[in-house]
Amino acid sequence: MTSIKKKDILNSIDYCKKNDLFNKLNNVYSTLPSGDCTGCGNCCMESVGINLIEFINIFEYLKNNDELRKKCLSKVLDYYFLEFVRKGACPFKDENNRCLIYDVRPLNCRLFGHWKKDDYNKNLSNVTQRNVDYNKVIKSKYGFDISNEVVNYKIRYCEDFIPQKDYLEKSERLSFADELMILDSNVYSKGIIDIEFKDRGIVEYFIDSMLNEDTAYNIKIKVSKDEKIRNRAINRLKKILL
């Protein structure tokens, strides 16, 4: 059984449509500041954190395009199960550094480039330390190291992005996140979707919609430790799930 049930997602989509939540989400997006991005794709190198309302919105977007859905979810499976082995790009980035879900891309993607440099670099240091600490946990519990490329990978501050106005204060960035949390609470409070309230990246949301969370993680550990079964196991999952 999957950690996020498909029927719950579909019921959530219906609820969001009937209660205008997708339009409210887009209204939040429309108030974000704009800027000049070179489109290099260097920032699109992680499973970016998203809100529940954003996951539901992206799921609906992909549901209406089966070819795109299968392409993205195949890349999601690769990203998740190879995450400890190699550093992969965001699975929603194509071969030409273009976003496959650009119209419904998450808040964190839209805000990248608008951070003040000091704020960004402080956060980057915290992320890097968490990676180091997590590697110690994996080594202690499962007896292998996460790839150094993964542990030490840094998405550097973008010097090329030019905001239309000023860079955002932390309080300004968080105010947008708060607005999405209010939309999330609309869904959670109705009991429409049986899902644990916790931080998830976009990859984790989609993995949980395809597999049981614990089962997926156990497979991830096994294929990370055993190169011989790695590709065969991932390809088998794709045949079953896609």
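This section describes a pocket, a cavity and several individual residues in a predicted model.

The second largest pocket encloses about 280 Å³ of space. Its lining comprises T2, K6, I9, F59, L62, K63, R69, L73, F206, S209, M210 and L241. Four helices each give two or more residues to this lining: α1 (6–18), α3 (52–63), α4 (66–81) and α9 (202–210). By class, the lining divides into 7 nonpolar, 2 polar and 3 charged residues.

Enclosed space was also examined. The structure holds 1 cavity of 30 Å³ or more. The volume of the largest cavity is about 30 Å³. F112, G113, W115, Y120, Y157 and C158 line this cavity. Of these lining residues, 5 are nonpolar and 1 is polar, and charged residues are absent.

Two buried residues were considered next. E54 is found in helix α3, one of the helices that give two or more residues to the lining of the second largest pocket. E54 is buried but forms no salt bridge. The nearest side chain of opposite charge belongs to R110, 5.8 Å away. A salt bridge requires a separation within 4 Å, so the E54–R110 pair does not qualify. Leaving aside residues up to four places away in sequence, E54 touches L25, Y29, P106, L107 and L180.

I155 lies in the loop between α7 (148–151) and β3 (162–163). The relative accessibility of I155 is 10%, so this residue counts as buried, the cut-off being under 20%. With residues up to four places away in sequence set aside, I155 touches N42, C43, M45, E46, F112, Y120 and L124. Among these contacts, F112 and Y120 also line the largest cavity. I155 and G143 are 12 residues apart in sequence, yet their C-alpha atoms are 28 Å apart in space.

Backbone geometry was examined at two loop positions. Most residues other than glycine have a negative phi. D20 has a positive phi, near 65°. D20 sits in the loop between α1 and α2 (21–30). With a relative accessible area of 37%, D20 is partly exposed. N97 likewise has a positive phi near 65°. The loop that holds N97 runs between α4 and α5 (107–111). N97 counts as partly exposed because its relative accessibility is 31%, and partly exposed covers values between the 20% and 50% cut-offs.

Notes: Residues are numbered from 1 along each chain as its sequence is written. This is a predicted model: local features need pLDDT of at least 70, side-chain atom pairs count only at pLDDT 80 or more; totals for chains, interfaces and linings use all residues. Side-chain values use heavy atoms; hydrogens and water are left out. On a 1 Å grid over the protein atoms alone, a cavity is a set of points where a 1.4 Å probe fits but cannot get out, and a pocket is an open set with protein on both sides within 12 Å along at least five of seven lines; lining residues have an atom within 4 Å of a point. Grid points are joined across faces, edges and corners, and a volume is the space filled by probe spheres set on the points. Ala, Val, Leu, Ile, Met, Phe, Trp, Tyr, Cys and Pro count as nonpolar, Asp, Glu, Lys and Arg as charged, and the others, Gly among them, as polar. Buried means under 20% relative accessible area, exposed over 50%, partly exposed in between (1.4 Å probe, protein chains only). Lys and Arg count as positive and Asp and Glu as negative; His and the chain ends are not counted. Contact means heavy atoms within 4.5 Å.
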